[in-house]
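Look first at what surrounds an enclosed space inside a protein, then at how a pair of helices pack. The text below takes these two topics in turn.

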Amino acid sequence: MTLIIEPGSTARNYWRDVWRYRELLYFLAWRDIAVRYKQTLIGITWALLRPAATMAVFVSFRRLVGIESGSVPAPLLVIAAVLPWQLFSSALSESSNSLIGNSNLISKVYFPRMIIPGAAVATALVDFLITLLLLALLMVWYDAMPGWQLLFFPIFVVLTLSLSVGLGLLFAAFNVEYRDFRYIVPFIVQFGLFVSPIAYTTSAVPERWRTVYALNPMAGIIDGFRWCLLRGYSPLDIRSAALSAGVTSFLLLFGTWYFRRMERGFADVI
């Protein structure tokens, strides 16, 4: 067999290599899931306790400040927002630190480095699916089954994953070059929790500020989740959803471009 090495062949075949190494993505995701719940006292129940506790805090806050629930029970309104936020925040936190956590693997073996942040996002998706169980139980309790809007639910899940991947790739590359980004990402996640419409709805934002507010891509995504899951009782602002999709697309493309640009030097720097 003759092996021909040509300059630039790795770049030309990069996406083909990502597909060829897909089993590595499955292995890394399974490893992270197993490590997360290994030797835990209550196992995957932790994946339910965190969103339940977040929901309880925000529901209590709504009652404390006197925010009216309207036609939708407050727990359902909040958990429908916690669901995409937990997926985004977990995926971003895990993927941004994933290259540093797998530095030995990166320095020894060739494979598309994008596999590692991708596996971190896949791990967060598993927790998201578990959290859906909590939402389903609340819907049964309040007898509030979703309507035809549920057909659009996968679109907003894909938007959340795309935003997580785009920012995750960007911050993962930053984290290799500048290690203080490990402290910046938790701050961004915490700040984003308060500027996203979780305890309140976007309709509570003054009209003149809604366009600026919609530049936070999670605003339109959370509105979309609520609209899909709550029979449309929580309105969907088309302008906000379109801005979220546009910002998410830009961040996904820019994050992928920057990651690919810096990827060649990861093994030397890390």
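The lining of the largest cavity in this predicted model is made up of one nonpolar, three polar and three charged residues. The residues concerned are T202, R210, T211, A214, D237, R239 and S240. Two elements, α11 (210–213) and α13 (238–263), each give two or more residues to this lining. The volume enclosed is about 30 Å³, and the structure holds one cavity of 30 Å³ or more.

The second topic is a helix pair. Two packed helices are described by the angle between their axes and the distance between the axes. For helix α5, residues 74–96, and helix α12, residues 217–229, the axes come within 9 Å and cross at roughly 130°. Angles over 145 degrees count as roughly antiparallel and those from 65 to 115 as roughly perpendicular; the angle here is roughly 130°, so α5 and α12 are oblique to each other. Their crossing is right-handed.

Which residues make the contact between the two helices? From α5 come L77, V78, A80, A81, L83, P84, W85 and F88. From α12 come M218, I221, I222, F225, R226 and L229. By residue class, the contact of α5 with α12 has 13 nonpolar residues, no polar ones and one charged. Arg counts as charged, and R226 of α12 is among the contact residues.

To return to the cavity, its lining includes three charged and three polar residues alongside one nonpolar, whereas the α5 and α12 contact holds 13 nonpolar residues and one charged.

Terms used: Residues numbered from 1 in each chain as written. Predicted model: local features only at pLDDT ≥ 70, side-chain atom pairs only at ≥ 80, totals over all residues. Heavy atoms only, no water. Axes fitted to C-alpha atoms, helices over the stretch in contact; angles between N-to-C directions. Helix = DSSP H or I, 4+ residues; strand = E, 2+ residues; numbered from the N terminus. Parallel < 35°, antiparallel > 145°, perpendicular 65-115°, else oblique. Left-handed = near helix turned anticlockwise from the far one by under 90°. Contact = heavy atoms within 4.5 Å. 1 Å grid on protein atoms, 1.4 Å probe; cavity = no way out; pocket = protein on both sides within 12 Å on 5 of 7 lines; lining within 4 Å. Points joined across faces, edges and corners; volume = space filled by probe spheres on them.
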